[in-house]
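Student: Could you walk me through the reasoning behind some of the labels used for this structure?
Tutor: Gladly, let us have a look together.

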Amino acid sequence: MNPELLQVYFIMGSNNTQRDPLIVLEDALIGGITLFQFREKGKEALTGKNKRNLAIEMKRLCHKYNVPFIINDEVDLALEVEADGVHVGQDDEPLVDLKKRCPQDWIFGVSATNEAEAYQAMQDGADYIGVGPIYGTQTKEDAKQPIGEEGLASIRSIVGGIPVVAIGGIKLSHVFRLRRAGADGVSVISAISLAEKPTETAELFRKYAEFMPSYSKCMQ
Ligand SMILES: Cc1ncc(COP(=O)(O)OP(=O)(O)O)c(N)n1
Ligand SMILES: Cc1nc(C(=O)O)sc1CCOP(=O)(O)O
Ligand SMILES: [Mg+2]
């Protein structure tokens, strides 16, 4: 995949905002997010038809702005709504299995917290690796211990040029440091979903990302 798609990777579910999630998503798209992941889990998450309908509306919005639409965890939902890819973690369906039943041109993302997981994700054919948590986060209840910028740099040193996105507790002020530590981009939930002005915040994330060339782009 083009690593520039990871520059500003926004993730959101209906419970990550007090506002209408479709309005927050469109604000973020106007601001210039480069990739979106629908992650509908946790307290008061939608289920069944409501979840599917929100996914369909979010995909429609993403495509209006030419941004790929990824679904977290739920491969069957991703197939049903014809998403552009899926993201799975270490406790989800293994990548090698899900690749057998998904379109080959999808974007496949895998989470990693350490070097061994990241190396395995690369061997299994992930298009990108989501590395985290970098910092402490309030958003994911079962998040592991933060690995810091050093953990990210260490993972980058063993995975070569595969696209890597940093996640977990990331704010605007972290972007340059994370790029220097080897991230092609940043993945955020609350920094945009809870921002007073999601458009302006997303715009700033994009500007910061474009200021520095990414690691993988330099390796191409
Ligand atoms: C880009 C990105 N990176 C990491 C994750 C976390 O995935 P996982 O560990 O499976 O945890 P859940 O998000 O499913 O709670 C992610 N979703 N996206
Ligand atoms: C979804 C997710 N995955 C993580 C990981 O470490 O794999 S941390 C996280 C939550 C990110 O939310 P926020 O930007 O609000 O901290
Ligand atoms: Mg998961």
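Tutor: A residue is called exposed if 12 or fewer other C-beta atoms lie within 10 Å of its own, and buried if there are 20 or more. Keep in mind that this is a predicted model. On one side of α6, Glu150, Ser157 and Ile158 are exposed.

Student: Which residues of α6 are buried?
Tutor: Gly151, Leu152, Ile155, Arg156 and Val159 are buried, so each has 20 or more other C-beta atoms within 10 Å of its own.

Student: Why are the buried residues of α6 said to line one face of the helix?
Tutor: Seen down the axis of α6, they fall within an arc of 135°, so they line one face. In an α-helix, residues three or four places apart point the same way, because there are 3.6 residues a turn.

Student: How do you know what span to expect for α6?
Tutor: The expected span is 1.5 Å times one less than the number of residues. Helix α6 has 12 residues (148-159), for which 16 Å is expected, and its 17 Å from first C-alpha to last is close to that. Just after α6, Gly160 takes a positive phi of about 65°.

Student: Which residues touch the most other members of the largest nonpolar core?
Tutor: Phe10, Ile129, Ala166 and Val186 do, in a core of 63 residues. Its largest share, five residues, comes from strand β1.

Student: What makes Leu152 a contact of Ala166?
Tutor: Contact requires C-beta atoms within 7 Å. Leu152 is among the residues that Ala166 touches, as are Val131 and Leu178, so the C-beta atoms of each such pair lie within 7 Å.

Definitions and conventions: Residues numbered from 1 in each chain as written. Chains lettered and ligands numbered in written order. Predicted model: local features only at pLDDT ≥ 70, side-chain atom pairs only at ≥ 80, totals over all residues. Helix = DSSP H or I, 4+ residues; strand = E, 2+ residues; numbered from the N terminus. Arc of directions from axis to C-beta. Core = buried A, V, L, I, M, F, W, Y, C linked by C-beta atoms within 7 Å. Contact = placed C-beta atoms within 7 Å.
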